[in-house]
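Please follow the chain through the structure shown here, beginning with the way its strands pair and ending at the ligand.

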Amino acid sequence: MLREVFPICQNWRFRPGFQPSWVRRECNESRFEKVTLPHTAVHVPYSGFDERLYQGLFCYRRRFRLPDRCRGKRVFVDFGGAMTAAKVYSNGVLLGEHCGGYLPFSFDLTESIRWGEENVLAVELDTHERKDIPPFGGAVDYLTYGGLYREVSLRAVPSLSIESIAVLPLAVGERDARLEIGCGLLNFTGKSATPRIKVEILDGTSVVLHGEETFQVSDAREQTVTLHLPVSGELSLWERARPVLYHARVSLYEPEEVLDADSVRFGFRECRFTPEGFRLNGRVIPLRGLNRHQSYPWVGYAMPPRVQRRDADLLKEQLKVNMVRTSHYPQSRHFLDRCDEIGLLVFEEIPGWQHIGDEAWQERVCSDVASMIRRDINHPSIVLWGVRINESADCDPLYRRTNAIAHELDPSRQTGGVRFLPESNLIEDVFTFNDFNPERLRQPSHPLHLVTEFGGHMYPTKHVDNVERVTEHARRHAHILSQAAATPGIAGALGWCAFDYNTHGNFGSGDRICHHGVCDMFRIPKVAAGVYRAQCSPEEEVILEPAFAWTFGDRPVGGGVGPGLINSNCDRLRLFLGGEPVAELKPDVERFPGLVHPPFVLNERFAGLGGERWRNLVIEGLIGDEVRIRRTLSARCCSLATRSPIPSNHERNFCGALSLLMLK
Ligand code: GAL
């Protein structure tokens with residue numbers, strides 16, 4: 001029998017508080033609640049609550065039996081993530097504590113397992129903002145919630161087993177294309193061995209490439225062996241428009257018998273920031289993206305795979321961006337899996353926010369770097385590792401270490417370190433810079449420059465804000481995206497941010513929400529989302545999204561739509577009022593020269609449009625001479641800014657998001 005993995009997300013028992021007796025095997029569970037993972041320790045209100053609400057100790061218990069065929073195997077429990085610190089007990093015995101809520105960890109259960117009987121796994125979860133654990137110690141502009149909010153499983157493996165597989169495309173060119181496959185082994189036999197390792201690259205079920213080698217491994221517990229596979233035309237490139245994925249199946253033989261086998265998914269591609277911009281497989285791709293927090297209303301971080309994947313779809317299909325930054329921590333593997341599948345580029349970074357703690361804290365940062373890269377090395381969507389605490393001051397010794405760890409574990413990717421101080425030391429490869437000047441982006445002072453945040457707290461905007469504000473919110477996003485695209489030396493810009501998020505009291509709008517998103521916390525797009533949406537090619541989707549409300553009362557001048565914006569990827573627009581033509585507009589290339597599809601600007605002339613006889617406003621979008629889209633803003637039922645630009649697929653998302661949240 002090869003390895004076996006048993007997912008254990010169902011049938012957990014949960015109780016707020018903690019008493020030592022609760023981890024015992026015999027503990028009476030009648031006062032525990034039955035829960036399913038992902039689980040949030042405390043349901044929070046939508047707004048107006050603070051972080052103390054979910055901070056405390058909590059206990060989780062899970063009973064399990066293992067089939068007899070697993071006897072003689074090493075048995076591990078694998079946690080996808082537990083916020084914030086987890087002490088794990090097996091049948092009442094403390095196995096250890098894992099600190100940090102964003103990365104996976106495992107414990108060896110083997111010695112404590114009772115074969116043929118029921119076993120109890122218990123977790124004492126500490127959800128406090130502990131100063132000894134990144135990102136805590138200073139202020140943090142986001143909440144971390146608490147709970148076993150990712151999956152947990154049991155894994156039974158032979159005493160010589162495959163612990164990890166890292167597939168790196170080191171070159172993809174015609175002459176030198178090759179894969180490097182690093183295979184981490186776990187040796188509990190206490191003896192040296194000469195296993196044969198076979199690698200098969202699968203396209204679906206067919207093997208397209210394979211190789212094998214015999215290795216001398218020592219009696220050391222952990223070691224890595226490396227194989228090289230030359231590639232000559234067998235593999236298609238992972239491209240944004242055609243993100244081809246393969247599996248690498250690794251089998252361990254000794255001598256002829258298969259001891260263990262495991263597989264990972266990967267993509268064959270080369271990514272590089274260069275002075276000409278970001279290159280994927282040699283081709284420059286101007287980057288246009290958004291930052292994402294992984295939080296949701298009421299349940300915090302505890303969203304299941306389907307919803308995690310949906311965020312990636314929203315970013316790619318609705319917001320039409322080509323890059324996302326996982327600010328400010330490693331996010332759900334399901335989100336990353338989906339990014340791989342749809343060709344959405346990712347900049348992933350370690351947990352942290354401005355503050356750098358003491359030596360022990362910095363040790364955790366280094367282990368976070370290693371753990372993030374080990375977990376995510378096979379995701380082709382990830383094109384840059386963030387190895388600096390977001391917006392922290394210089395700390396050269398620490399960042400020399402984090403960069404060295406990243407480069408050693410992954411020679412195929414560059415590093416970035418997000419900063420807001422332009423004069424800070426650059427130890428990373430790419431100058432990743434948060435640029436909050438609303439009008440002028442800083443000229444790049446380093447050949448590899450990416451704008452990793454803009455907007456955000458400079459202009460928080462809610463759906464219900466008045467029309468001038470929501471329009472200005474959109475204009476600011478358009479303006480900076482345009483500047484970034486028009487400035488030589490800037491690889492692209494990632495707006496702050498995709499989705500609103502709950503935060504601490506010293507941030508946000510007084511309601512514990514940062515209304516910085518181009519979508520709200522439910523993922524409903526705001527008017528500014530239209531700026532991003534309109535940047536796709538009309539072949540993908542024809543977009544026409546007015547950034548104003550068709551209502552009489554919302555402007556000090558007495559209604560109308562000017563000054564205003566319409567986001568569209570059409571060549572020109574025609575406006576009709578009550579059936580009468582009132583204007584024909586062209587995209588404003590002068591104001592937004594960098595954008596492929598600049599917004600259409602309605603100037604002051606349109607103030608008061610509508611006048612006393614309020615009639616339907618019809619906007620037609622033309623490509624060439626053909627009308628490709630028509631939007632009617634009804635005079636009868638006032639089209640609110642929040643509603644009018646939302647096409648039906650957004651409404652479906654809205655209902656989807658709501659029902660998902662309600663199902664939880
Ligand atoms: C940045 C920070 C983000 C967020 C943003 C708000 O300085 O990196 O986490 O706080 O400001 O605009």
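In this predicted model, a convenient place to begin is an open sheet of three strands, which are arranged in the order 11-12-15 and pair in the antiparallel sense. Strand 11 (160–171) and strand 15 (222–230) stand at the edges with a single partner strand each, so one side of each is left without a neighbour in the sheet. Direction ignored, neighbouring strands of this sheet are turned against each other by 20° on average. Strand 11 is joined to strand 12, which covers residues 178–187, by ten bridges, and the two run antiparallel; to find the register by eye, one can start at Ser-164, whose bridge partner in strand 12 is Gly-184. Strands of a sheet pair through backbone hydrogen bonds, in either a parallel or an antiparallel manner.

Further along the chain is an open sheet of four strands, ordered 34-33-36-37, and here too the pairing is antiparallel. Its edge strands are strand 34 (580–585) and strand 37, each of which pairs on one side only, and the twist from one strand to the next averages 20°. Strand 33, made of residues 572–577, pairs with strand 34 over five bridges in the antiparallel sense, and Arg-574 stands opposite Glu-584 of strand 34. At the other end of the order, seven bridges join strand 36 (residues 617–623) to strand 37 (residues 626–633), again in an antiparallel arrangement, with Leu-622 having Val-627 in strand 37 as its bridge partner. Strand 36 and strand 37 form a hairpin with two residues between them, and in its turn Gly-624 has a positive phi of about 65°.

The backbone deserves attention in some of the loops as well. Most residues other than glycine have a negative phi, and most peptide bonds are trans. Gln-354, however, has a positive phi of about 65° although it is not a glycine, and this residue is placed in the loop between strand 23 (345–349) and helix 3 (359–376). A cis peptide bond, with omega about 0°, joins Leu-37 and Pro-38, and Pro-38 lies in the loop between strand 3 (33–35) and strand 4 (57–64). The peptide bond from Ser-327 to His-328 is also cis, with omega near -15°, and His-328 is found in the loop between strand 22 (323–326) and helix 2 (333–342).

Which residues are closest to the ligand? His-328 is one of them, together with Asp-141, Trp-353, Glu-391 and His-457, within a set of 13 residues that surround the ligand. By class, this shell has four nonpolar, six polar and three charged residues. An oxygen atom of the ligand is 2.4 Å from a side-chain N or O atom of Asp-141, an oxygen atom of the ligand is 2.5 Å from such an atom in the side chain of His-328, and for the side chain of Glu-453 the corresponding distance is 2.8 Å. Taken alone the ligand exposes 310 Å², and the protein buries 95% of that.

A last feature to trace is the set of aromatic contacts, which comes to 21 pairs when ring centres have to lie within 6.5 Å of each other. Among them, Tyr-102 and Tyr-301 form a tilted pair, 5.8 Å centre to centre and with 55° between the planes. This pair links distant parts of the chain, 199 residues apart: Tyr-102 belongs to the loop between strand 7 (93–99) and strand 8 (105–108), whereas Tyr-301 belongs to the loop between strand 21 (287–291) and helix 1 (305–318).

Note on methods: Residues numbered from 1 in each chain as written. Predicted model: local features only at pLDDT ≥ 70, side-chain atom pairs only at ≥ 80, totals over all residues. Heavy atoms only, no water. Near = heavy atom within 4 Å. Polar contact = N/O pair within 3.5 Å; in protein donor to acceptor, adjacent residues only side chain to side chain. Areas by Shrake-Rupley, 256 points an atom, 1.4 Å probe, with all protein chains shown as cover. Nonpolar A, V, L, I, M, F, W, Y, C, P; charged D, E, K, R; others polar. Pairing = 2+ DSSP bridges. Axes fitted to C-alpha atoms, helices over the stretch in contact; angles between N-to-C directions. Phe/Tyr/Trp six-rings, centres within 6.5 Å; stacked < 30°, edge-to-face > 60°.
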